[in-house]
Amino acid sequence: MTRGRGYALLAVVVAAIVALSTAIYVGVASDRGTPARNALADDRLPNNSAAPASTGTWVGTWSASPAAAEPGTETTGMADRSVRNVVHTSVGGTSARVTLSNLYGQAPLSITRASIAVAAGSGTAAALSDTLRQLTFNGGPAVVIPPGRQVMSDAVRIVIPRDADVLITTYTPTSSGSVTYHRHARQISYVAQGDHTADATGAPYTEQSMYWRYLTALDVLSNESDGTVVVLGDSITDGITSSAGANNRWTDVLSDRLRAEIAAGRDLPRYSVVNQGISGNRVLTDGLGRPADNPSGLNRFARDVLERTNAKVVVIDLGVNDILRNPRLADPNAVLGGLRTMVGQAHARGLKVVGATLMPFGGHRGYSEAREAVRQQINAEIRAGRVFDAVVDFDKGLRDPYDPRRLRAEYDSGDHLHPSDAGYARMAEVFDLESLKGSVPAEL
């Protein structure tokens with residue numbers, strides 16, 4: 001064989017491999033799910049799931065960690081109901097795709113219809129009718145997600161605005177057992193009896209919910225963002241005491257601040273911000289169940305950080321629950337060791353890590369002088385630069401200058417642990433946006 005013919009044959013083989021790899025990705029969505037089981041499509045909604053014609057970068061615009069199995073859904077699940085999740089975007093894009101999870105289901109989750117639309121306004125289940133699109137999976141409207149798995153939809157052409165509410169609706173005809181959910185959404189979503197995925201009016205959605213069900217991520221093809229900042233945390237990141245429906249979590253305020261500074265001409269990375277907070281989360285300890293409710297930061301780091309689309313920087317704000325929820329005195333070295341393990345995993349993927357000091361909890365029912373000493377030891381190591389690549393000092397920014405063991409009164413929600421809306425805004429304010437610059441080389 002001549003060298004020219006050899007190169008030609010090699011090119012054919014490479015082209016075949018690329019085509020096969022593309023087909024596998026579209027069908028399986030990497031290792032996040034299973035090949036879609038398709039049903040015949042109808043024309044109730046625009047399909048528009050062909051490869052996006054526009055250019056841009058795929059980034060996460062919203063996400064939520066699957067946190068547990070929803071109590072009371074073990075028998076009926078969400079059978080014959082449409083779940084309309086309301087989520088708020090960080091950045092906009094010209095195409096979108098979603099990730100759905102059956103992590104805590106005991107049976108295959110059958111979704112026969114799903115849709116996406118831009119909300120007609122805040123606090124409503126109504127959609128802008130010209131934005132309503134049918135979601136597809138491997139080219140068809142239906143998908144079956146095995147227990148313990150997740151699946152990514154096909155990309156759909158839709159203009160998603162930044163800083164806007166988006167409606168993602170799923171219809172499940174039968175029960176899959178326990179519903180995978182995120183409990184503390186701080187956002188009103190909606191439920192309707194029957195299949196109303198194609199409804200733009202919102203009228204059938206008479207049941208309100210403070211949960212996100214099944215949905216764990218919304219990605220967009222964006223021309224305004226080059227990557228994703230992933231924030232891993234507990235109830236403080238989850239925004240458990242922020243005003244419902246107001247998008248006042250500190251990560252929301254951080255996203256708004258970053259966008260405003262870039263618009264003003266400041267030289268900063270064009271990143272989206274996604275929230276992977278779970279209330280009660282710890283660095284070291286899982287919750288109960290199998291799979292575990294509320295898995296530890298260590299156990300969920302790969303899923304909730306490394307698998308996020310185009311992640312560039314991770315911000316870690318974890319550790320206070322390791323101190324407060326340990327029936328014995330927590331070992332600060334063990335907590336620090338867990339944090340350093342996550343940093344090592346991030347560095348192996350080329351992600352920069354910004355870490356937060358632990359805020360004070362004086363006055364909280366779990367406070368003790370011994371626990372305060374553990375917090376101080378952990379914070380000393382963090383401030384010394386021996387844990388993270390960069391540090392955001394939430395402790396210094398929110399503590400009472402006259403009693404540093406407590407939150408400043410205007411930043412305290414009242415439980416002496418979680419911030420108020422003003423406290424969450426202060427957290428975003430003290431975050432040094434310059435720390436988002438740069439990266440670390442991936443360790444091969």
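In the predicted model, the largest nonpolar core comprises 33 residues, of which Ile116, Ile168 and Leu218 touch the most other members. With residues up to four places away in sequence left out, the contacts of Ile168 are Val83, Arg84, Asn85, Val87, Val98, Ser115, Ile116, Leu135, Leu215 and Leu218. Two of the residues named for the core, Ile116 and Leu218, are thus also contacts of Ile168. A second core, separate from this one, has 31 residues, including Leu306, Leu324, Ala346 and Val387.

Ile116 belongs to strand E6, where it is buried on one face together with Ala114 and Val118. The other face of E6 carries Arg113, Ser115 and Ala117, which are likewise buried. In a regular strand, side chains alternate between the two faces of the sheet. Strand E6 spans residues 113–118, and 6 of its 6 residues are buried. E6 pairs with strand E11 (residues 165–172) in the antiparallel sense, over 6 bridges. A further antiparallel pairing, of 2 bridges, joins E6 to strand E7 (residues 133–134). Ser115 takes part in both pairings: its bridge partner in E11 is Thr169, and in E7 it stands opposite Gln134.

The protein chain as a whole contains 9 helices and 23 strands. Of its 444 residues, 55% are buried. Among contacts between residues at least 6 apart in sequence, 82% join residues at least 24 apart.

An open sheet is formed by 3 strands in the order E2-E12-E15, with antiparallel pairing. E2 and strand E15 (212–213) are at the edges and have a single partner strand each, so one side of each is left without a neighbour in the sheet. E12 is joined to E15 by 2 bridges, and these two strands run antiparallel. Within this pairing, Tyr181 has Arg213 of E15 as its bridge partner. Strands of a sheet pair through backbone hydrogen bonds, either parallel or antiparallel.

The loop between E2 and strand E3 (81–88) contains Gly72. This residue has a relative accessible area of 60% and is therefore exposed, the threshold being over 50%. Gly72 and Ser178 are 106 residues apart along the chain, but their C-alpha atoms are separated by 7.8 Å.

The largest pocket holds about 530 Å³ of space. It is lined by 24 residues, and those closest to its centre are His184, Ser279, Gly280, Asn294 and Arg325. Two or more lining residues come from each of strand E2 (68–69), strand E12 (180–182), helix H2 (235–238) and helix H5 (320–324). Two strands of the open sheet, E2 and E12, therefore contribute to this lining. By class, the pocket lining consists of 9 nonpolar, 9 polar and 6 charged residues.

Enclosed space was also searched for. The whole structure has 2 cavities of 30 Å³ or more, and the largest cavity has a volume of about 50 Å³. Its lining is made up of Asp234, Ile236, Asp317, Val320, Thr357, Leu358, Met359 and Leu417. These divide into 5 nonpolar, 1 polar and 2 charged residues.

Note on methods. Residues numbered from 1 in each chain as written. Predicted model: local features only at pLDDT ≥ 70, side-chain atom pairs only at ≥ 80, totals over all residues. Heavy atoms only, no water. 1 Å grid on protein atoms, 1.4 Å probe; cavity = no way out; pocket = protein on both sides within 12 Å on 5 of 7 lines; lining within 4 Å. Points joined across faces, edges and corners; volume = space filled by probe spheres on them. Nonpolar A, V, L, I, M, F, W, Y, C, P; charged D, E, K, R; others polar. Helix = DSSP H or I, 4+ residues; strand = E, 2+ residues; numbered from the N terminus. Core = buried A, V, L, I, M, F, W, Y, C linked by side-chain atoms within 4.5 Å. Buried < 20%, exposed > 50% of the residue type's maximum accessible area, 1.4 Å probe, protein only. Contact = heavy atoms within 4.5 Å. Pairing = 2+ DSSP bridges.
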